[in-house]
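Reader: Hey, I just opened this one and don't know where to look. Can you walk me through it?

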Amino acid sequence: MIEPHAERMKKSIVALKEEFNTIRTGRASASLFDKIRVDYYGEKTPLSQVATVSIPEARLVVIQPWDKALIVEIEKAIHKSELSLNPSNDGKVIRIAIPPLTEERRKELAKHAKAIAEQSRVAIRNIRRDGNDEFKKAEKDSSLTEDQLKTLEDDLQKVTDSSVAEINAILEEKENEILEG
């Protein structure tokens with residue numbers, strides 16, 4: 001009875017990791033561009049589906065569109081994004097130098113990461129609440145005994161605690177990455 005709730009908690013943690021991948025640190029990373037959508041023949045298409053994103057150096061991103069006509073659209077999409085990056089192109093590829101983050105911007109990003117982690121913790125607690133409600137309903141319907149209810153609630157609390165601990169560890173790692181520069 002706990003498995004579906006544990007599975008939902010795992011999905012929340014995976015979503016947190018994906019969200020953290022899009023937060024810029026001082027280093028270049030292809031995952032920074034995961035949320036960028038390019039106008040491709042009237043459709044908003046993920047950048048990864050219209051170009052190759054490579055990292056030849058620690059602070060350099062090279063984007064090579066499969067269709068050269070997309071260079072302008074890709075540049076527009078990057079300018080519109082929240083990444084605050086300045087792409088330049090030579091007609092064939094787009095180069096983006098990743099500037100070092102200012103101390104103020106690092107603190108801002110760390111604060112943003114904490115807010116995202118808190119949303120994940122809230123999601124985990126909501127899943128726990130849903131599970132406990134389900135267990136109490138089952139007890140009222142007499143399909144669970146009081147002892148079984150207590151055991152299930154305790155087990156769900158253990159899963160919740162380990163999920164929150166994992167979120168905290170992921171947050172700490174991301175904060176260190178952001179603040180190290």
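Author: Sure. This is a predicted model. Start with the open sheet of 4 strands, which pair antiparallel in the order β3-β4-β6-β5.

Reader: Which strands stand at the edges of that sheet?

Author: Those are β3 (51–57) and β5 (88–89). Each has a single partner strand, so one side of each is left without a neighbour in the sheet.

Reader: And how many bridges join β4 to β6?

Author: There are 4 bridges between β4, residues 60–65, and β6, residues 94–97, and the two run antiparallel. To find a spot on screen, look at Val 61, which sits opposite Ile 96 in β6.

Reader: Okay, zooming out. How many helices and strands are in the protein?

Author: The protein has 4 helices and 6 strands. Starting at the N terminus, the elements go α-β-β-β-β-α-β-β-α-α.

Reader: What's the radius of gyration?

Author: It's 22 Å for this protein, while a compact globule of 181 residues would come out near 16 Å. The C-alpha atoms fill a box of roughly 70 × 40 × 25 Å along the principal axes.

Reader: What share of the residues count as buried?

Author: 39% of the 181 residues do. The accessible surface is about 10,700 Å², with 49% of that belonging to carbon and sulfur atoms.

Reader: Different topic: how far apart are the mean positions of the positive and negative charges?

Author: They're 5 Å apart, taken over 30 positive and 34 negative charges.

Reader: Last one. Among contacts between residues at least 6 apart in sequence, what share join residues at least 24 apart?

Author: That share is 63%.

Technical notes. Residues numbered from 1 in each chain as written. Predicted model: local features only at pLDDT ≥ 70, side-chain atom pairs only at ≥ 80, totals over all residues. Heavy atoms only, no water. Rg over C-alpha atoms; globule rule 2.2 N^0.38 Å. Buried < 20%, exposed > 50% of the residue type's maximum accessible area, 1.4 Å probe, protein only. Contact = heavy atoms within 4.5 Å. Areas by Shrake-Rupley, 256 points an atom, 1.4 Å probe, with all protein chains shown as cover. Lys, Arg positive; Asp, Glu negative; His and termini not counted. Charge placed at Lys NZ, Arg CZ, Asp CG, Glu CD. Pairing = 2+ DSSP bridges.
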